[in-house]
Amino acid sequence: MIVDEKSKTATVQFLQTLLPEQINRILYNSLDYFMRLLANKVKGKLSGPVLKVQTGRLRSSIITDIIPQPPKLIGKIGTNVVYATIHEYGGIIRAKNKPYLQFKTPTGWVSVKEVHMPERSYLRSSLDEEFPKLPDIIRLQLRKALQVNA
């Protein structure tokens with residue numbers, strides 16, 4: 001997109017007239033939209049491409065929050081499901097209270113001392129994929145504010 005100097009000057013002049021509350025609202029709306037986009041991406045990954053759905057518990061536990069800490073806004077996404085971390089980062093699960101871990105597989109019961117879980121990132125990978133969209137989202141919110149105040 002090519003922007004002429006007159007448009008740039010008008011945009012800068014408009015931005016200078018905005019009150020800090022208006023700028024904060026624009027940024028909050030941008031971050032809110034981005035966090036919803038990110039949550040949808042994470043839930044999509046938890047619907048098959050990264051993890052196979054068994055109960056849907058992990059997918060339905062994904063929450064987002066926006067924390068205002070002036071002069072910044074912090075977007076948080078996560079889950080409180082205990083097994084979420086081992087899927088995100090991978091690792092080793094070892095028997096603690098008994099000599100073996102026991103679990104059922106399609107071919108029957110298995111007893112092992114430890115299980116090596118591969119990393120299956122759904123949070124970090126989604127953020128890596130979606131983060132580049134944030135500047136465009138902020139620009140869109142600014143354009144909306146320009147149209148309303150024009």
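This briefing describes the fold, the buried cores and the side-chain pairings of one protein chain. The model is predicted, with a mean pLDDT of 88 for the protein and with 87% of its residues at 70 or more. The protein holds 6 helices and 6 strands, and its elements follow the pattern α-α-α-β-β-α-β-β-β-β-α-α when read along the sequence.

**Overall picture and confidence**

- Of the 150 residues in the protein, 24% are buried.
- Among contacts between residues at least 6 apart in sequence, 60% join residues that are at least 24 apart.
- Confidence varies between the elements of the protein, with helix α1 (residues 5-17) having the lowest mean pLDDT, at 66, and α5 having the highest, at 97.

**Helix α2 and the nonpolar cores**

- Helix α2 is made of 26 residues and spans 37 Å from its first C-alpha to its last, which is close to the 38 Å expected at 1.5 Å a residue.
- The buried residues of α2 are Ile26, Ser30, Leu31, Phe34, Met35, Leu38, Ala39, Val42 and Lys45, a list that includes a charged residue, Lys45, taken up again below.
- In soluble globular proteins, nonpolar side chains tend to be buried together.
- The largest nonpolar core in this model has 10 residues, namely Ala39, Val42, Leu46, Leu51, Leu58, Ile62, Val81, Ala84, Tyr122 and Leu123.
- A second core, separate from the largest one, has 7 residues, among them Leu31, Phe34, Met35 and Ile66.
- Ala39, a member of the largest core, touches Ile62, Thr64 and Ile77 when residues up to four places away in sequence are not counted.

**The aromatic pair**

- The count of aromatic pairs comes to 1, and this pair is formed by Phe34 and Phe131, whose ring centres are 6.4 Å apart and whose planes stand at 85°, so it is edge-to-face, given that planes over 60 degrees apart fall in that class.
- The pair links distant parts of the chain, since Phe34 belongs to helix α2 (residues 20-45) whereas Phe131 sits in the loop between α5 (123-130) and α6 (134-149), 97 residues apart.
- Phe34 is buried, with a relative accessible area of 3%, while Phe131 counts as partly exposed at 48% relative accessibility.

**Lys45 and its surroundings**

- Lys45 lies in helix α2 and has a relative accessible area of 11%, so this residue counts as buried, the limit for that class being under 20%.
- Leaving aside neighbours within four places in sequence, Lys45 is in contact with Val50, Leu51, Ser121, Tyr122, Ser125, Ser126 and Glu129.
- Lys45 forms a salt bridge with Glu129, and the closest N and O atoms of the two residues are 2.8 Å apart.
- This salt bridge also links distant parts of the chain, with Lys45 in helix α2 and Glu129 in helix α5, 84 residues apart.
- Unlike the buried Lys45, Glu129 is partly exposed, with a relative accessible area of 38%.
- Lys45 and Glu129 also belong to a network of salt bridges that links them with Lys41, Glu130 and Lys133.

**Other salt bridges**

- Side chains of opposite charge can pair when their charged atoms come close.
- The count of salt bridges in this model comes to 9.
- One of them joins the side chains of Arg94 and Glu114, at 3.2 Å from N to O, and this pair links strand β3 (residues 91-94), which holds Arg94, with strand β6 (residues 114-117), which holds Glu114, across 20 residues of sequence.
- Arg94 counts as partly exposed at 49% relative accessibility, and Glu114 is partly exposed with a relative accessible area of 32%.
- Another salt bridge is formed by Arg124 with Glu119, their closest N and O atoms being 3.1 Å apart.
- Arg124, at 31% relative accessibility, counts as partly exposed, and Glu119 is partly exposed with a relative accessible area of 48%.

**An exposed loop residue**

- Pro70 is found in the loop between β1 (63-69) and β2 (72-78), where its relative accessibility of 77% makes it count as exposed.
- Pro70 and Asn24 are 46 residues apart in sequence, and their C-alpha atoms are 9.4 Å apart in space.

Note on methods. Residues numbered from 1 in each chain as written. Predicted model: local features only at pLDDT ≥ 70, side-chain atom pairs only at ≥ 80, totals over all residues. Heavy atoms only, no water. Phe/Tyr/Trp six-rings, centres within 6.5 Å; stacked < 30°, edge-to-face > 60°. Helix = DSSP H or I, 4+ residues; strand = E, 2+ residues; numbered from the N terminus. Buried < 20%, exposed > 50% of the residue type's maximum accessible area, 1.4 Å probe, protein only. Salt bridge = Lys/Arg side-chain N within 4 Å of Asp/Glu carboxyl O. Expected span 1.5 Å × (residues − 1). Core = buried A, V, L, I, M, F, W, Y, C linked by side-chain atoms within 4.5 Å. Contact = heavy atoms within 4.5 Å. pLDDT = per-residue confidence, 0-100.
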